[in-house]
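Let's walk through some charged pairs and aromatic rings, one contact at a time. Have the model open as you read.

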Amino acid sequence: MPSIEERVQKVVSRLLGVNESQITDDSDFVRDLGAESIQSIELVAAFEEEFDIEMDEEAALQVNTVGKAIEFIKKDIAEQH
Amino acid sequence: MRRLCVFEDEKYCNLYPLTFLRPVFELKCGCTSLLDKILSNYKGAEVCFFVRDYLSPTFKKKFPTAPINDLSILGNSDLLLINGRWLVVDSAVEPDGREEIGLCDGDVVYARVSQKTAASCSADNIQTFLEQIKSKIKTRSVSADLISYPWDLINHNGKIIEQEFNSLGKSGIEGKFSSFSTVYGEQDLVWVAQSAEVQPFVVIDTTHGPVIIDEGATISPYSRIEGPSYIGRETYIYGANVREGTAIGPMCRIGGEVEESIIHGYTNKYHEGFLGHSYLAEWANLGALTTNSDLKNDYSQVQVYIKGALTDSNETKVGCYIGDHTKTSIGTFFNTGTVVGIMCNLVGSGGILPKFVPSFVWFLNNRFYKGYGFNAMLNTARAVMARRNRSLSDEDVELMRFIHTLTKEERQTALKKGRKTR
């Protein structure tokens, strides 16, 4: 079973069309990975699907890096599973 | 004179999402709302209202001195109760006369009730009060136009504009009218208000009915307006083809083609794109080339989602019904008989949108999303309203929060439907 970090990387790679090797914890979704504002909405939905969680969209959309997204998702998984 | 009581009965929900933020009698048909028409029949009457409790704080701001949902006053005087869904221009029931209840297909249209009968009732809501008086007062079957579904407003719109034009008693050109523009048809079927302006190269076609261009409205070059139509106060028409049976409320910005539709007010449809047999609530914004179908290719009758279920409209021409503050992107396509909730953000992706879009969602790449959340939606609404010198009150926000909760289940269903199962 891939780790949460690997699964987040895969989702980000698929949705934003960037190579997984380019994605690090410090990668900023907009500045480094080129996410359009509208893609942030798709990312939240994709994480919800991948991890079967419900994310608070307003809090989730404040997250700007991959590492912070991983922490956010881990917290939601711990609370909801 | 009897106290006039205008009430909402339980059929307001057939007109969701248009009635999420307003009582049913504030919906428009023709130049004015259903309520404006009722009140114009009873000038000078003391009036009270019965609306859904959650609408009371916002509605109170419009009628600060009128009692709202106050059952205790019903026993204090003779009453004339009028159903707020009654579409009546100048043929309302006489306020004086013996006690009587007018029923149309079982719905109370009006009720003349004596103070004595009203005082003998002990109801905890207006529906119970109506049931109680039905057992005490003679009923009479009457013919009346009660608005039961959104398409009723559209179907009556042209006829009501004609009646309101006749009642207005105004015609002719009082405002600016370019010598390069023309009235095609009877000249006295036009009224251009004093502060309105018709710029060059505009055709106003009165061959099928009157055209009213209200105060402050501007009609820009290459527009064509076909009667019966009403252009509301401070509205701009930008080179549009406004077809018959169209009423556009105040402060709208309209381009493209519009046919047999009602645009409530403060709504923008600046650009090319067709809108037909539709009702747009307030503060909506349709992006360029947004277009709706109002006729199925097989000419069959259109079904519309009413209260969560597909309902036969028994009409072949049905457009879309779009709630307050909903926005569409460029190139958004609506299917015949589409219902869209309030505060949605719809991004066209080349295909046709689902026939039902719940409130407070985004639609993008053919699936529903939560978007940026409720507070972000409020911030957008604030920004939009500020452009027209309006603001969201605390009461407005609380009402929207209530509707957000009310519509949660249908929203969750739509969001889950779009999810890929793992």
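Start with B:Lys370, which has a relative accessibility of 16% and so counts as buried, since the cut-off for that label is under 20%. Keep in mind that this is a predicted model. What does the side chain of B:Lys370 meet in a salt bridge? The partner is A:Glu54, with 3.5 Å from N to O. This pair crosses between chains. On the chain B side, B:Lys370 sits in the loop between β38 (367-369) and α6 (374-386), while on the chain A side A:Glu54 is in the loop between α2 (37-51) and α3 (57-60). A:Glu54 comes out at 35% relative accessibility, so that end of the bridge is partly exposed.

Zoom out for a second: over all chains, the structure holds 30 salt bridges. The general idea is simple enough: side chains of opposite charge can pair when their charged atoms come close.

Now look inside chain B, at B:Glu8 and B:Arg52. Their closest N and O atoms are 2.7 Å apart, and they form a salt bridge. B:Glu8 belongs to the loop between β1 (3-7) and β2 (28-29), and B:Arg52 to the loop between β4 (47-50) and α2 (56-62), so this contact ties together parts of chain B that are 44 residues apart in sequence. Are these two residues buried or exposed? Both B:Glu8 and B:Arg52 are buried.

Next comes B:Arg243, which makes a salt bridge with B:Glu226 at 4.0 Å between the closest N and O atoms. B:Arg243 is in the loop between β20 (241-242) and β21 (246-248), whereas B:Glu226 is part of strand β17 (residues 224-226), so the bridge joins parts of chain B that are 17 residues apart in sequence. B:Arg243 has a relative accessible area of 23%, so call it partly exposed; B:Glu226, at 7%, is buried. The two don't stand alone, either: salt bridges with shared partners join B:Asp205, B:Arg224, B:Glu226, B:Arg243, B:Glu257 and B:Glu259 into one network.

Time to switch from charges to rings. B:Phe180, B:Phe201 and B:Tyr222 make up a nonpolar patch on the surface, and together they have about 410 Å² of accessible area. You'll find B:Phe180 in the loop between β10 (176-177) and β11 (182-184) of chain B. At 58% relative accessibility, B:Phe180 counts as exposed.

A pair of aromatic rings is described by the distance of the centres and the angle of the planes. The count of aromatic pairs over all chains is 19. One of them is formed by B:Phe180 and B:Phe201: the centres are 5.7 Å apart and the planes are at 40°, a tilted pair. B:Phe201 lies in the loop between β13 (197-198) and β14 (203-205), so the two rings tie together parts of chain B that are 21 residues apart in sequence. B:Phe201 is partly exposed, at 42% relative accessibility.

B:Tyr238 and B:Tyr270 are tilted too, because their planes are at 35°, with the ring centres 5.2 Å apart. Here the link runs between the loop from β19 (236-237) to β20, home of B:Tyr238, and the loop from β25 (268-269) to β26 (274-276), home of B:Tyr270; the residues are 32 apart. B:Tyr238 is partly exposed at 32% relative accessibility, and B:Tyr270 is partly exposed at 32% as well.

One last stop: B:Phe25, B:Phe49, B:Phe59 and B:Phe63 are linked into a cluster by ring pairs.

Note on methods:
Residues numbered from 1 in each chain as written. Chains lettered and ligands numbered in written order. Predicted model: local features only at pLDDT ≥ 70, side-chain atom pairs only at ≥ 80, totals over all residues. Heavy atoms only, no water. Helix = DSSP H or I, 4+ residues; strand = E, 2+ residues; numbered from the N terminus. Buried < 20%, exposed > 50% of the residue type's maximum accessible area, 1.4 Å probe, protein only. Patch = residues over 30% accessible without salt bridge, like charges linked within 9 Å, V, L, I, M, F, W, Y side chains within 5 Å. Areas by Shrake-Rupley, 256 points an atom, 1.4 Å probe, with all protein chains shown as cover. Phe/Tyr/Trp six-rings, centres within 6.5 Å; stacked < 30°, edge-to-face > 60°.
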